[in-house]
Amino acid sequence: MIATGPLLQMEGISKAFPGVRALEGASLTVGRGEVHAVMGQNGAGKSTLIKILTGAYRRDAGTVTLDGRPVDFHSPQQAQAGGVSTIYQEVNLVGFRSVAENIFLGREPRRWGLIDRRRMHAEARRLLERLGVEVDVSRPLGAINVALQQMVAIARAISFESRLVVMDEPTSSLDEAEVATLFGVIRQLKADGVSVIFVSHRLDEVYAICDRVTIMRDGRTVDDRALTDVSRLELVARMLGKDLAEVRRSGATGFADATHHTERRLLEARGLRGAGRTLEHADVAVRAGEIVGLAGLLGSGRTELARAIFGADPVEAGELEVDGRPVRFGSPADAIRAGIGLAPEDRKTEGIVPEMSVRENLTLALLPAISRYGVVDRRRQQEVVDRFIRRLDIKTTGPDQKIRELSGGNQQKVLLARWLCLDPRLLLLDEPTRGIDVGAKGEIQALINELADSGLGVLMISSELEELVEGSDRVVVLRDGRTVAELPHAAITEDAIMSAMAEGPATGAGERDGG
Amino acid sequence: MATTSTPARSITRARLASVLQGQGALVALALLVLFGALRYDNFLSSYNVTSFLANNAKFGLIALGMTFVIMTGGIDLSVGAVAALASVVAAMVSEYGLVVGIAVPVLVGAVIGLVNGSLVAWGRLQPFIVTLAMLLAARGLALTVAGNQSVAVDFESGFTALGTTTLLTLAAPIWIFAVAYLLGVLVLGRTPFSRHVLAIGDNEETARLMGLRVERVKLGVYALSGALAGMAGVLLAAQYGAGQPAEGVGWELTAIAAVVVGGTLLTGGLGSVVGTLWGVLLLGLIFNVLNFENGRGVISLSPYWQSIVLGGFLLVVVLLQNRLAARQT
């Protein structure tokens, strides 16, 4: 065993899928006890590289050296046995089984062929203690929170005596306190000499926990740097393959910093109240050509406001005007007829129809308009689909590809196109860039900007302050179901939004936008 | 933390529903026994009890195998037909004695189960379709081999001892029934195999990523189910004195009903062998009580009423569980 030199060295890794070159001579070097970030846009090849390491894919070319020895894992089991464990994005454990069983599934301690439950529990407790986690190991996994489940997954990983733990977006389902716990565990692993590969889209987290970063783009490794030597802006620029100066000029998001609205009021909602207690008294107005940011903490009523406007949830009180005329939508169909579209927060369950093609998903809402006698006019459908794939630069092998095979960013583009082909006047976007990698995020943001420029009104719900600050012409802040502030363009800063979310004055007292 | 408490709650609810299901079957069973004991003179006579258990042993075996199949999230519709085929095979080889008479049909069942399992595990086919096809094939094979009539067993060879021998006053089928369930409880409670079965039923993809040999485990449960159906066929032949190619119609559905009533989730991931035992006994007892009721001569219900009562009972059980589980939110 060679105790010096890097723990993992992947060199010249290439991998092609039918029609796509996913990796071309990519490399990844991870030192001992190092927390190493892998970053890149969707399609940069980072997950392919990780899957080759963990044995889920076979490489076409290149070498993988672990602890000085060449390795070639054929399956996740082999990788595990070789000291490489993977924690997946969604917790991959079984909910009905106990914590201890989850840690030892497949390698249960036995006595005379039967499970030695006492020993299994004791060892599970010992492993979790090592991570500083206290939990009843006999409870079913599904009964503990996601962060603890994540810890159980890590305990399982280290129980294989892993020298390298791969974490694929481990924080995507954790809240801040839970992320802090996870980071504590990662530091513990590092102190024990275990190396960690940390795949994440979140810059804050990468800077908080990682030592080095490998940046990938278009299937190649473009940089391998210590995080202390690289600024956030530079990191983003390397990922996007952009000139640093250009990124600096245009800001970190894809939004151009300019106001572009007219005075014509498209939508005005006053004192809107929903059926439950989440929406009590909300005011919001959107003009043509304006992007209105809708800010608020989780549970402040942002999504409920959008759904109430859209006619998806009943409105109990308040006024809603479109083009100055009072309206009340009984169903989303009414709202759509009035030129309003809603792109929901949860793409997977409320947006896309995963098994349908890009073509079908894109034209789902348009079908009545391009049908005659109930039969779809294929030629017109094709025109629309081609036009939007081109205009939105949707990356797909063709209109017949299933939408679930697209990346998150491209799925979102298809959803936007679904509304845009109806030629709406107002779009309600609920977290339009959530779960989308940095590059595609910029593209979506630029697209929203462009749409507003062309006269569309946009109400954009976002949890990202940066996005609200750079993207909005005006920001409306909700707290506990009430509008507590309305910030005109000049007053939009992260501080102002945060303080309004936290302690803004009560209903309607926010200042009105002058123009 | 609304997002994380939801799965936790649904897990708790699922477990609660499962406990209610298992206990529900036991409570209903106890009530029915009490009802029978008070209403009919010979209900608890040793004759009725032993013949009841001996008759239900074959359903018990089939339901036991079905429990493991369903715990993986699968289903085995072929068991009734496999039992019929096995009974014919048992009759045909009965002249070679008891050991061969048991081993060959069980082996036939296991091989059919292996075929089912291979198609499900490696062929990635739907268990419903695979085992439905096997149901048709096994039934056809049984009728063809038997020439569309029952096949008498060799009464000289000692095979019939299986139907007549008693040990400590209990007939051999009852002992087989009891030993099978004891082993079943042990396997479910204490072996890695059963943990893997449940993990696969809970989330197959996850189980695979955890390094479990999903295909092998699936192969195992279908082979087990086939072998137990084969053994049920042996009992059938021994008890009737003949291989019965047309018997066993609908047994698979009775077994599924017993498993579900006993608290095993039809979607897999949670299950109980003891619950299945209560389910089997409960379903059998409904039939037994009907017989007694007819015996009193006041009313006369055709045996088809058993199905109607069964169906109604199954619906009530599932509805109650839903209600009780929903109230826990």
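The legends below describe close-up views of a predicted model. Local features need pLDDT of at least 70, and side-chain atom pairs count only at pLDDT 80 or more, while totals for chains, interfaces and linings use all residues. Residues are numbered from 1 along each chain as its sequence is written, and chains are lettered from A in the order in which they are written.

**View 1. Strand S3 of chain A is buried along its length.** Six of the six residues of S3(A), residues 35-40, are buried (under 20% relative accessible area, 1.4 Å probe, protein chains only), so the strand is largely enclosed by the rest of the structure. A:Val35, A:Ala37 and A:Met39 point one way, whereas A:His36, A:Val38 and A:Gly40 point the other way. Strands are DSSP runs of E of at least two residues, and helices are runs of H or I of at least four.

**View 2. S3(A) pairs with S10(A) and is joined to S11(A).** Pairing requires at least two DSSP bridges between two strands. S3(A) and S10(A), residues 195-199, are parallel over four bridges, and A:Val35 stands opposite A:Val196. Five bridges join S3(A) to the parallel strand S11(A), residues 212-217, where A:Met216 is the bridge partner of A:Gly40.

**View 3. The largest cavity holds about 190 Å³ of space.** A cavity is a set of points, on a 1 Å grid over the protein atoms alone, where a 1.4 Å probe fits but cannot get out; lining residues have an atom within 4 Å of a point. Of the 16 lining residues, A:Gln80, A:Thr86, A:Tyr88, A:Arg156 and B:Leu209 lie nearest the centre. S6(A) gives the most to this lining, with four residues.

Key. Heavy atoms only, no water. Buried < 20%, exposed > 50% of the residue type's maximum accessible area, 1.4 Å probe, protein only. 1 Å grid on protein atoms, 1.4 Å probe; cavity = no way out; pocket = protein on both sides within 12 Å on 5 of 7 lines; lining within 4 Å. Points joined across faces, edges and corners; volume = space filled by probe spheres on them.
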